[in-house]
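Visitor: I should be grateful for a close look at the aromatic residues of this structure and at the loop where some of them meet. Please treat the neighbouring details as well.

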Amino acid sequence: MKKSKITFFIIATIILTFSFLSLVTGQQPGTQPLSKGDQQDDSLPFAIGDIEYVSQRAFIESGNRCANHLNPSDMKQIERNFQRDLQEVTKISPNVTGATINVYFHVIRKGTGVSNGDVTTTMINNQINVLRNAYSAWGYSFNLVSVDRTTNATWYASGPGTTAQTQMKNALRKGTADDLNIYTTNPSGGLLGYATFPWSYTGNPKDDGVVLLYSSLPGGTAAPYNLGDTGTHEVGHWMGLYHTFQGGCATSTTSGGDFVADTPAESTPASGCPTGRNTCSSTGNDPITNFMDYTDDSCMFQFTAGQDARMDSMFTTYRFGK
């Protein structure tokens, strides 16, 4: 009898231990950040694909987390145009507060197998589910319409603004302004992703869409950016959002640098998951859990009501029914 009690105690201890580990390591994208706030040890090298950096912070500072960078003078003109266009559109119809967005998914590969960019159907479906989880609270859902696969080594390695990228999009893009085209490639220079903004559609419809590093999809190898929230971040740009650190600590009555009043300002993009980081003390702690910062996928889990309002207005003005 005594031996049985000891055995039961050991088994129970093992079960509780594994349950605890599951809670700690079972982070799902689009829910809440990891409980620990540790960043990667910046004394260690950090690699994305074949590109190695001296640290994760060096990767963030390289700008390769996302290629969407705008200068302040351009932003001011964009915002003036946006307010003008929004007023004209809302004279005709009310603001859209959500939509089902059709998604055309284009896999660009250099050969067969995931290591050559040939992402699996499961990875694609999981990426769509990550988008649904992130945007559903704000009224937006994503409907995967089609997936095509193209073997082209030049397109596979193309980056923003290149002739190869233009050729790829001209050949593959489908739908209209309110349809999302996602391309998975291996952009040059260790870039994780980039996107077009809504206001650029009219001038160049074929360019419209989101480009993602193939290994950033859920189950990919681009840790800690492999839970699918590079996709969430880039779709945020496609919906009209700027980075939370846009403009640094500069604030106004209408923005914290990103033209959204309820996102605290931050002077520089965050890396890792630095809980309690505060680089602009006048507006509170940095929004490290926001999808539009540069933190690890496991740290991101939210948009704000102000960002939702901006997405609604942008979608109404430049995408809905266009």
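Guide: The account below begins with the aromatic pairs and then turns to backbone geometry and a buried charge.

This is a predicted model, in which local features need pLDDT of at least 70 and side-chain atom pairs count only at pLDDT 80 or more, while totals for chains, interfaces and linings use all residues. Residues are numbered from 1 along each chain as its sequence is written, and side-chain values use heavy atoms, with hydrogens and water left out.

A search of the whole structure yields 16 aromatic pairs (rings of Phe, Tyr and Trp, the last by its six-membered ring, with centres within 6.5 Å; planes under 30 degrees apart count as stacked, over 60 as edge-to-face and the rest as tilted). The pair of Phe-59 and Tyr-225 is tilted, because the ring centres are 5.6 Å apart and the planes stand at 40 degrees. Phe-59 belongs to helix H2 (residues 56–62) and Tyr-225 to the loop between strand S7 (210–213) and helix H7 (229–238), so this pair ties together parts that are 166 residues apart in sequence. Helices (H or I, at least four residues) and strands (E, at least two) are DSSP runs, numbered from the N terminus. Both Phe-59 and Tyr-225 are buried (under 20% relative accessible area, with exposed over 50% and partly exposed in between, for a 1.4 Å probe and protein chains only). Together with Phe-46 and Tyr-53, these two residues form one aromatic cluster.

The loop between S7 and H7 also holds Pro-224, and the peptide bond from Ala-223 to Pro-224 is cis, with omega near 5 degrees. Most peptide bonds are trans, and most residues other than glycine have a negative phi. Phe-259, in the loop between H7 and H8, has a positive phi, near 60 degrees. Its relative accessibility is 27%, so Phe-259 counts as partly exposed.

Helix H7 contains Glu-234. This residue is buried yet has no salt bridge, and the nearest side chain of opposite charge, Arg-65, is 6.0 Å away. A salt bridge requires a side-chain nitrogen of Lys or Arg within 4 Å of a carboxyl oxygen of Asp or Glu; Lys and Arg count as positive, Asp and Glu as negative, and His and the chain ends are not counted. Not counting residues up to four places away in sequence, Glu-234 touches several residues, among them Arg-65, Tyr-194 and Leu-212 (contact means heavy atoms within 4.5 Å).
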